[in-house]
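Open the model in your viewer and keep the sequence panel visible. Each stop below says what to select and what is found there.

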Amino acid sequence: MCKENHYSDRQLTEMIHKGGLRPSAQRIAVLSFVANAKRHPTADEIYGVLSDKFPSLSKTTVYNSLHALVEVGLIRELEIESGNRHYDLAPQPPHSHFVCRTCGKIVDMSMPEGVSEITTPGFQIDCIDVYFKGICPECLNKKQRQNSKLNN
Ligand SMILES: [Zn+2]
Ligand SMILES: [Zn+2]
């Protein structure tokens, strides 16, 4: 959403500290990956990348770090496909997500205006998730190239 907003380790440490957590190296690395990679990773993807950097890192530590960061509101969970949780940086301007049906990529899109005004009165709403689904430009291109090959 926000253009290439890169969070330094110092900023991330401060965010974790303000959230009331101990800024351990693993928590900083997990938050940094979610905040800076902009790819809405799953816990497995985070583990896969970070285990290169921290050979002693366990999957449990990644899960525990994610849970702690979700709890203090720094990370939010996106439940897009059954059982597959993806993680996004929580302190961001409201945005919606596009999910590619072909490659599964999740891309930030703008939030349609006035979404919060069309809710039914009497409900306390604490979270609004908007998802668009379809095919991303890269997959569309690939498909077109394949089709033109077939036609030639
Ligand atoms: Zn795609
Ligand atoms: Zn997002």
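Start with the two domains: their C-alpha centres lie 23 Å apart. Colour residues 1-91 as domain 1 and residues 94-152 as domain 2; such bounds come from an automatic or database domain assignment. Where the domains touch, domain 1 supplies 5 residues and domain 2 supplies 6 residues. Two residues are in contact if their C-beta atoms, placed from the backbone, lie within 7 Å. On its side of this contact, domain 1 has 3 nonpolar, 2 polar and no charged residues. Here Ala, Val, Leu, Ile, Met, Phe, Trp, Tyr, Cys and Pro count as nonpolar, Asp, Glu, Lys and Arg as charged, and the others, Gly among them, as polar.

A note on what you are viewing: this is a predicted model, in which local features need pLDDT of at least 70 and side-chain atom pairs count only at pLDDT 80 or more, while totals for chains, interfaces and linings use all residues. Residues are numbered from 1 along each chain as its sequence is written, and chains are lettered from A and ligands numbered from 1 in the order in which they are written.

Now show the whole chain as a cartoon. You should find 5 helices and 5 strands, in the order α-α-α-α-β-β-β-β-β-α from the N terminus. Helices (H or I, at least four residues) and strands (E, at least two) are DSSP runs, numbered from the N terminus. Along the principal axes, the C-alpha atoms fill a box of roughly 60 × 50 × 30 Å.

Next, select helix α1 (residues 9-18) and helix α2 (residues 25-37). Two packed helices are described by the angle between their axes and the distance between the axes. How are α1 and α2 placed relative to each other? Their axes are 10 Å apart, at an angle of about 110 degrees. Axes are lines fitted to C-alpha atoms, for helices over the stretch in contact, and angles run from 0 to 180 degrees between N-to-C directions. α1 and α2 are therefore roughly perpendicular (angles under 35 degrees count as roughly parallel, over 145 as roughly antiparallel, 65 to 115 as roughly perpendicular and the rest as oblique). Show the side chains of D9, L12, T13 and I16 on α1, and of R27, I28, L31, S32 and A35 on α2, which make the contact. By class, this contact has 5 nonpolar, 2 polar and 2 charged residues.

Keep α2 and add helix α3 (residues 43-53). The axes of α2 and α3 come within 11 Å and cross at roughly 130 degrees, which means that α2 is oblique to α3. From α2, select A29, V30 and F33; from α3, select I46, V49, L50 and K53. The contact of α2 with α3 has 6 nonpolar, no polar and 1 charged residues.

Two single residues finish the tour. Go to Y7, in the segment before α1. Leaving out residues up to four places away in sequence, Y7 touches L12, S32, A35 and N36. Y7 is partly exposed because 17 other C-beta atoms lie within 10 Å (20 or more make a residue buried, 12 or fewer exposed, and anything in between partly exposed, with C-beta atoms placed from the backbone).

Last, select H40 in the loop between α2 and α3. Is H40 buried or exposed? With 21 other C-beta atoms within 10 Å, H40 is buried. H40 also has a positive phi of about 50 degrees, although it is not a glycine.
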